[in-house]
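Subject: Handover of a structure and notes on its features

Dear colleague,

Please find below the structure that I am handing over to you. I would be grateful if you could look through it alongside the notes in this message.

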Amino acid sequence: MRAIKDSVHDYIEVDGVAEALLDTPPVQRLRHIKQLSTIRLVYPSANHTRFEHSLGVYHLADRALEYLDVTGARADTVRAAALLHDVGHGPYGHQTEGIIERHLGRHHDDVAHLVADGAVGDVLRDHGLDPDRVAATVRGDGKLGQLVAGELDVDRMDYLVRDAHHTGVPYGTIDYGRLLRALTFRDGDLVLAEGNVATAESLLVGRALMNATVYRHHVSRIAGAMLDRAGERLLTSAAIDPESFARTTDAELLGALREHDPTADTARRITERDLYKRAVWAERGDVPGSVVDADYAETREFERDIAEEAGLPDRSVVVDNPGHPTMPESSVRVVVNGDVRPLDQQSPLVEGMLESQRVQWRFGVYAPDDHITEVAAAAERVLGLEGVGDTSE
């Protein structure tokens, strides 16, 4: 058994299959993937990694299994899945997820190709576990998979408190101890036991406030959108193949971008925090529905049209379309008077949180600082916007 000191959970005791998995290459790679990717350009202390987050998810899963009285191979499968749940992430985590999905058709929780063979597969089989079942649990399949990937998963509990701790933003400091103790199963569904509507509401509020102040901060959105476009140029030029791209680390990707002429400027800008600025920062009511509904290819076409209208190269314009706001936590199920009810049918807070997301929603168009005026004017004409230019950082 190893006792690993953690900044959030104090000492995390790791043994059995999880201890054996720790030193496998896919897990150790997570030391080099920052949990909050470009958000650290906003919050300087947010330098924690997906490795420590994975340890935290393992720790909370282990506690949940104890409270739920799950033992044996079923418990070990969940422990392994909890530790491995992020091994499918590419460099910069969610910031490159879209690139990987478009080129490989694979979401970050599709990890079967990483756990079936190699060191991870050997460890799992040595401990009597089925790699396919572990991969399915990472996806959230089955009764116990809900602990790893679901509305009440331990992944969410750890990243909220961990991200709050490392950014210094207090809103994510949910009472995960209460949440863990309240977990129970009803007809195969993971729910919160009687008397925990407020507990569920706290999770909803914590996530909503972290969205507003941390996860969707405009500086991070700008850097993330720039990184996405640069990653696409890197792959289009065949400077790296998609599979290799997906397995690089943050530093390796930045190095590859720096060494490739069409992406070198983006690498420099991210390194020096010399980011594009907001030419447009529009509220939902100011953006036509056809623009909000546009897919990735259509959004890239908007960029080309705006750049042409402004007389600039394509790469001088980035359109950031967040799509429609969602809040999965609103469907958390809670036992009320003996019945299982979705939170959005029980709590008046849910509609308020959803409305808050709609009010906070913004559509962005970004450009180099010395071109934001012409890009704003071009975007208004091309996209049918009126008076929505924003030249503030």
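The notes below take the main sheet, the helices beside it, two hairpins and a few individual residues in turn. Please bear in mind that this is a predicted model.

The open sheet

An open sheet is formed by 3 strands in the order β5-β9-β6, with antiparallel pairing. The edge positions belong to β5 (277–282) and β6 (318–320); each has a single partner strand, so one side of each is left without a neighbour in the sheet. On average, and with direction ignored, neighbouring strands of this sheet are turned by 20° against each other. Between β6 and β9 (residues 363–367), which run antiparallel, there are 3 bridges. Within this pairing, V318 has Y366 in β9 as its bridge partner.

Two helices pack on this sheet. Helix α13 (residues 218–236) touches β5, β6 and β9, and its direction makes about 65° with that of β9. Helix α20 (residues 372–383) touches β5 and β9, and its direction makes about 30° with that of β5.

Helix α20

The length of α20 can be checked against expectation. Its 12 residues, at 1.5 Å a residue, should span 16 Å, and this agrees with the 16 Å between its end C-alpha atoms. The span is calculated as 1.5 Å times one less than the number of residues.

Which residues of α20 are buried? They are I372, V375, A376, A378, A379 and L383. The buried residues of α20 pack against two strands, β5 and β9, and against the helices α17 (289–292) and α18 (296–310). Just after α20 comes G384, with a positive phi of about 75°.

Helix α13 and its helix partners

Besides packing on the sheet, α13 packs with α16 (residues 261–272) at an angle of about 155°, and the axes of the two helices are 9 Å apart. That angle makes α13 roughly antiparallel to α16, as angles over 145 degrees are counted in that class. The crossing in which α13 passes α16 is left-handed. On the α13 side the contact is made by A223, M226, L227, A230, R233 and L234, and on the α16 side by P262, T263, T266, R269 and I270.

With α18, α13 packs at an angle of about 100°, and here the axes are 13 Å apart. The two helices are therefore roughly perpendicular. In this pair, D228, R229 and E232 of α13 meet Y296, T299, R300 and E303 of α18. Helix α18 is also one of the elements against which the buried residues of α20 pack.

Two hairpins

β1 (residues 2–6) and β2 (residues 10–14) run antiparallel and are joined by 5 bridges. They form a hairpin with 3 residues between them, and A3 stands opposite E13 in β2.

The other hairpin consists of β7 (residues 333–336) and β8 (residues 339–342), which pair in the antiparallel sense over 4 bridges. In this pairing V335 stands opposite V340 in β8. There are 2 residues between the strands of this hairpin, in which N337 takes a positive phi near 50°.

Individual residues

V214 is located in helix α12 (residues 197–215). Is V214 buried or exposed? Its relative accessibility is 0%, so V214 counts as buried, the cut-off being under 20%. Leaving aside residues up to four places away in sequence, V214 touches L36, I39, Y43, T167 and V169. A distance of 9.9 Å separates the C-alpha atoms of V214 and G172, which are 42 residues apart along the chain.

Two loop residues deserve a note on their backbone. Most residues other than glycine have a negative phi. D69, although not a glycine, has a positive phi of about 60°. This residue sits in the loop between α3 (50–68) and α4 (72–84), and with a relative accessibility of 63% D69 counts as exposed. A238, also a residue other than glycine, has a positive phi near 65°. The loop that holds A238 runs between α13 and α14 (242–246). At 64% relative accessibility, A238 counts as exposed.

Yours sincerely

Note on methods:
Residues are numbered from 1 along each chain as its sequence is written. This is a predicted model: local features need pLDDT of at least 70, side-chain atom pairs count only at pLDDT 80 or more; totals for chains, interfaces and linings use all residues. Side-chain values use heavy atoms; hydrogens and water are left out. Two strands pair if DSSP finds at least two bridges between them. Axes are lines fitted to C-alpha atoms, for helices over the stretch in contact, and angles run from 0 to 180 degrees between N-to-C directions. Contact means heavy atoms within 4.5 Å. Buried means under 20% relative accessible area, exposed over 50%, partly exposed in between (1.4 Å probe, protein chains only). Angles under 35 degrees count as roughly parallel, over 145 as roughly antiparallel, 65 to 115 as roughly perpendicular and the rest as oblique. A crossing is left-handed if the near helix is turned anticlockwise from the far one by less than a right angle, and right-handed if clockwise.
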